[in-house]
Amino acid sequence: MTAIENPVAPLPSREKDAPIRKPPIRLLLLPAGTLIGLLLVCALVVLRMSVGERNAEWTGWSLRAYMQLASSRNLGIIIDTIWMALLSALITTLVAFPIALFLTRTTSPIARRLVLIAILLPMIISLLVQSFGWMAILGPNGLLNQAISAATGIERPFSLLFNRAGVMLGLVQTSIPLAVLPAAAALRSIPLSLEEAANVLGANRIRTYRHIILPLAWPGMAAGAILVFGFNTGAFVVPLLLGGLKVTTIAVVIRDQMGSLSNWPLGAALSVLLILLALAVQSLNRLIVRTNVEIKG
């Protein structure tokens, strides 16, 4: 019987016993490695421009841009940016903890799903849309002032737009998912039997949370706070729209220097500062995670 008459003819023994060739597993890292490589190239380009001369970024060498960072105006903007990022991280962590606790303790899957969708909305909707929404609420004739004026008769009782309060509201609202999800993961790992044992031993709610829940959930809360701090340090859209020209952050100055002012070395030096802040934040996050693993070990 020929091979045409029997299409399922057995393979020769050499081909049947040959090992199946699999693609190298390293190829799975190729897309991510390409993107990381491009990011590294961009960082090196920014670093090179930061030590260049104005209008001669690729041919000259100078540390003038870094010396300009030490001016009183730039130092004030840097300190103000870090302070707002720190304060927003603290407020966001305090707001996120009850939400994370509800997500992990509720017995209703529908309620948990609805709250989770609401928490993830800021990550889905554009920051531009969210900021314009805040402008419609906080503006002089916005929804908030109209509601309070209708109730009290006072014209424009609040001024929450184009100042730090408005920027802080926007930063906290847009970064809530970054604080809720790590805190919820930490709370989910705490057995309910610990709370029940504390109640049996006579501890009230406050003592239970102070001595059991908060210490065990602290690594997740700290990780969320660090993520919020890093995210808000480089925030651009929210400070630009909700702060107007009255609240200036590092990202807004970078836009001005690399845009209308054409001072690319100073903008690049500020960008290098943001990169160093991000690396410091990630190092702190890694330290907290490693410490948590060592404690649990």
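Let's begin where two helices meet: α5 passes α8 in a left-handed crossing. Keep in mind as you explore that this is a predicted model.

**Stop 1: α5 against α8**

Select residues 109-124 for helix α5 and residues 164-188 for helix α8. How do these two run relative to one another? Their axes come within 7 Å and cross at roughly 125 degrees. That angle makes α5 oblique to α8. Now show the side chains at the meeting place: L116, I119, L120, P122 and M123 come from α5, while Q173, T174, I176, P177, V180 and L181 come from α8. Try colouring them by class, and you will find nine nonpolar residues, two polar ones and no charged ones in this contact.

**Stop 2: α4 against α8**

Leave α8 on screen and add helix α4, residues 72-105. Here the two axes are 5 Å apart, and the packing angle is about 45 degrees. So α4, too, counts as oblique to α8. What is the hand of this crossing? α4 passes α8 in a right-handed crossing. The contact of α4 with α8 contains 20 nonpolar residues, together with four polar and four charged ones.

**Stop 3: α4 against α10**

Hide α8, keep α4, and select residues 205-233 to bring up helix α10. The axes of α4 and α10 come within 8 Å and cross at roughly 135 degrees. Angles over 145 degrees would count as roughly antiparallel, but this pair is oblique. The crossing of α4 and α10 is right-handed. Which residues meet here? On the α4 side, look for T81, I82, A85, L86, S88, A89, T92, T93, F97, L101 and R105. Facing them in α10 are Y209, I213, L214, M221, A225, V228, F229, N232 and T233. By class, this contact has 13 nonpolar residues, six polar and one charged.

**Stop 4: the annotated spans**

Next, colour the stretches that an unreviewed UniProt entry labels "transmembrane region": residues 27-47, 82-103, 115-137, 165-187, 208-229, 235-254 and 266-284. Two of them are good to inspect one after the other. Residues 165-187 are 100% helix, and their end C-alpha atoms lie 31 Å apart. Residues 266-284 are also 100% helix, with 27 Å between the end C-alpha atoms.

**Stop 5: two loop residues with an unusual backbone angle**

Most residues other than glycine have a negative phi. With that in mind, select N55, in the loop between α2 (30-50) and α3 (64-69). N55 is not a glycine, yet its phi is positive, about 65 degrees. Is N55 buried or exposed? Its relative accessibility is 66%, so N55 counts as exposed.

Then move to F162, in the loop between α7 (143-152) and α8. F162 also has a positive phi, about 60 degrees, although it is not a glycine. With a relative accessible area of 34%, F162 is partly exposed.

**Stop 6: a buried glutamine**

Finish at Q257, which sits in helix α12, residues 250-258. Its relative accessibility is 9%, and because buried means under 20%, Q257 counts as buried. What does Q257 touch? Leaving aside residues up to four places away in sequence, show S262, N263, W264, L266 and G267 to see its contacts.

How values were computed. Residues numbered from 1 in each chain as written. Predicted model: local features only at pLDDT ≥ 70, side-chain atom pairs only at ≥ 80, totals over all residues. Heavy atoms only, no water. UniProt positions renumbered as here; feature names shortened; annotations may be inferred. Helix = DSSP H or I, 4+ residues; strand = E, 2+ residues; numbered from the N terminus. Axes fitted to C-alpha atoms, helices over the stretch in contact; angles between N-to-C directions. Parallel < 35°, antiparallel > 145°, perpendicular 65-115°, else oblique. Left-handed = near helix turned anticlockwise from the far one by under 90°. Contact = heavy atoms within 4.5 Å. Nonpolar A, V, L, I, M, F, W, Y, C, P; charged D, E, K, R; others polar. Buried < 20%, exposed > 50% of the residue type's maximum accessible area, 1.4 Å probe, protein only.
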